Amino acid sequence: MSLILGIESSCDETAAALVTSERRILAHKLAGQEAEHRPYGGVVPEIAARAHVEILPSLIEDVLAEANVDLGEVDAIAATAGPGLIGGVMVGLVTAKGLALASGKPLVAVNHLEGHALSPMLAQPSLAFPYLLLLVSGGHCQLLFVEGVGRYRRLATTIDDAAGEAFDKSAKLLGLGFPGGPSVEKAAANGDPYAVPLPRPLVGSAEPHFSFAGLKSAVLRAKESGRHSAEDIAASFQQAVVDCLLDRTKRALDAADGAKALVVAGGVAANQQIRGALTELAASHGLPFVAPPLWLCTDNAAMIAWAGALRFEQGLVDGLETPARARWPLDPNAEKARGAGVKA
Ligand code: KG4
Ligand code: ZN
């Protein structure tokens with residue numbers, strides 16, 4: 001059994017956690033920065049990096065104290081080394097390197113996407129490789145065939161915006177506030193999902209990818225027409241996203257030979273309508289549907305510590321020269337999607 005300290009700082013959540021290779025979460029802490037970013041309607045990288053600098057050390061002290069664990073008792077220190085906002089990634093990674101250097105413990109550099117990809121296993125011990133993963137967050141929208149730790153085949157990605165980005169931008173256009181996902185979901189509960197005709201980009205297409213930019217532009221036009229309530233536009237937008245995610249995931253499921261489960265992860269997986277639709281899709285393919293609890297879907301350090309534990313158990317540790325990376329694809333062999341490269 002190994003005990004791992006995990007650190008996450010790639011976007012606007014500062015987080016630390018202590019997790020064992022036997023799936024025990026001894027402590028996890030998270031500090032959001034919503035208040036700092038709200039005036040700007042989105043995450044400001046410079047503000048995020050400064051906030052991580054201020055908060056991270058005390059969060060690490062807190063998890064160690066709560067679990068009554070001394071740094072000398074952990075087996076390795078895992079930190080997100082990318083992809084993400086580079087200033088924030090650097091804060092977490094450099095902190096981890098300092099702790100590793102001071103304690104003589106190994107460093108495990110974790111890909112943030114691998115953290116999301118493996119997080120469902122932390123909550124669901126019965127989940128076995130390989131599985132089809134829909135990874136939907138603020139920065140990513142991908143379908144991955146997860147074959148094992150460090151073995152990911154990217155089947156699809158977005159050619160423009162990520163799903164969470166579409167939620168965030170639409171919320172801003174509709175004046176629904178930040179962060180966008182939860183505020184759109186809330187408004188949508190009081191709207192008619194078929195009141196506003198919106199496009200379903202790439203639905204039915206032979207290529208496997210996602211696209212959301214056209215949907216966001218259609219939301220803007222619907223808003224500017226003055227003919228619809230924000231609730232109806234939000235509900236229609238959410239329905240369109242559900243239809244897109246479902247169509248693309250179904251296509252991948254039909255093609256993904258041997259998948260033992262359909263799994264969803266990433267912040268957008270907190271959306272109840274998306275979860276419901278995916279549950280039905282998995283059932284129609286005779287597969288179990290696995291979604292982490294809500295707090296594990298959005299950014300957190302338990303998933304980084306858990307991915308770190310799995311890597312550490314396989315002897316995958318990293319040197320102190322390991323770079324922070326703004327971009328870091330999980331599947332380096334994935335073909336470039338049309339027009340993409342930005343979100344890959
Ligand atoms: O995984 P995450 O915490 O951070 C990234 O790595 O991006 O995902 C954050 C994203 C944001 O775009 C947020 O608006 C979205 O997840 N999100 C939601 C919901 N909760 C969070 N999107 C739709 N419905 C939600 N309930
Ligand atoms: Zn994330």
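1. Which helix holds the place of Ala309? Ala309 sits in helix 11, which covers residues 302-313. One thing to keep in mind from here on: this is a predicted model.

2. Staying with Ala309 for a moment, its relative accessibility is 0%. Buried means under 20%, so Ala309 counts as buried. Once residues up to four places away in sequence are set aside, Ala309 touches Ile4 and Ser21. If you want a sense of distance, try Phe210: Ala309 and Phe210 are 99 residues apart in sequence, and their C-alpha atoms are 32 Å apart in space.

3. Now for the largest pocket. About 1,400 Å³ of space lies in it. The lining is made of 46 residues, and those closest to the pocket centre are Cys11, Ser137, Gly138, Gly139 and Asp168. By type, the lining residues split into 18 nonpolar, 17 polar and 11 charged.

4. Where does the largest pocket lie with respect to the domains? Both domain 1 (3-117 + 296-328) and domain 2 (128-291) give residues to its lining, so the pocket lies between them. As for helices, helix 4 (112-123), helix 5 (163-173) and helix 6 (180-188) each supply at least two lining residues. Helix 5 has the largest share, with 7 residues.

5. The second largest pocket is worth a look too. It holds about 230 Å³ of space. It is lined by 16 residues, with Asn111, Glu114, Arg311, Trp328 and Pro329 the closest to its centre. Strand 5 (residues 107-111) gives the largest share of this lining, 3 residues. Sorted by type, the lining of the second largest pocket has 8 nonpolar, 3 polar and 5 charged residues.

6. On to the packing. In soluble globular proteins, nonpolar side chains tend to be buried together. Here the largest nonpolar core has 47 residues, and Phe212, Phe237 and Leu245 touch the most other members. Among the elements that give two or more residues to this core are strand 6 (131-136), strand 7 (141-148), helix 7 (213-225) and helix 9 (272-284). Helix 8 gives the most, with 11 residues.

7. Leu245 is a handy residue to click on in that core. Leaving out neighbours within four places in sequence, Leu245 is in contact with Leu134, Val136, Cys141, Phe210, Phe212 and Ile274. Another core lies apart from this one; it has 36 residues, including Val19, Met121, Ala301 and Ala302.

Key. Residues are numbered from 1 along each chain as its sequence is written. Chains are lettered from A and ligands numbered from 1 in the order in which they are written. This is a predicted model: local features need pLDDT of at least 70, side-chain atom pairs count only at pLDDT 80 or more; totals for chains, interfaces and linings use all residues. Side-chain values use heavy atoms; hydrogens and water are left out. On a 1 Å grid over the protein atoms alone, a cavity is a set of points where a 1.4 Å probe fits but cannot get out, and a pocket is an open set with protein on both sides within 12 Å along at least five of seven lines; lining residues have an atom within 4 Å of a point. Grid points are joined across faces, edges and corners, and a volume is the space filled by probe spheres set on the points. Helices (H or I, at least four residues) and strands (E, at least two) are DSSP runs, numbered from the N terminus. Ala, Val, Leu, Ile, Met, Phe, Trp, Tyr, Cys and Pro count as nonpolar, Asp, Glu, Lys and Arg as charged, and the others, Gly among them, as polar. Domain bounds come from an automatic or database domain assignment. A nonpolar core is a set of buried Ala, Val, Leu, Ile, Met, Phe, Trp, Tyr and Cys residues joined through side-chain atoms within 4.5 Å. Buried means under 20% relative accessible area, exposed over 50%, partly exposed in between (1.4 Å probe, protein chains only). Contact means heavy atoms within 4.5 Å.
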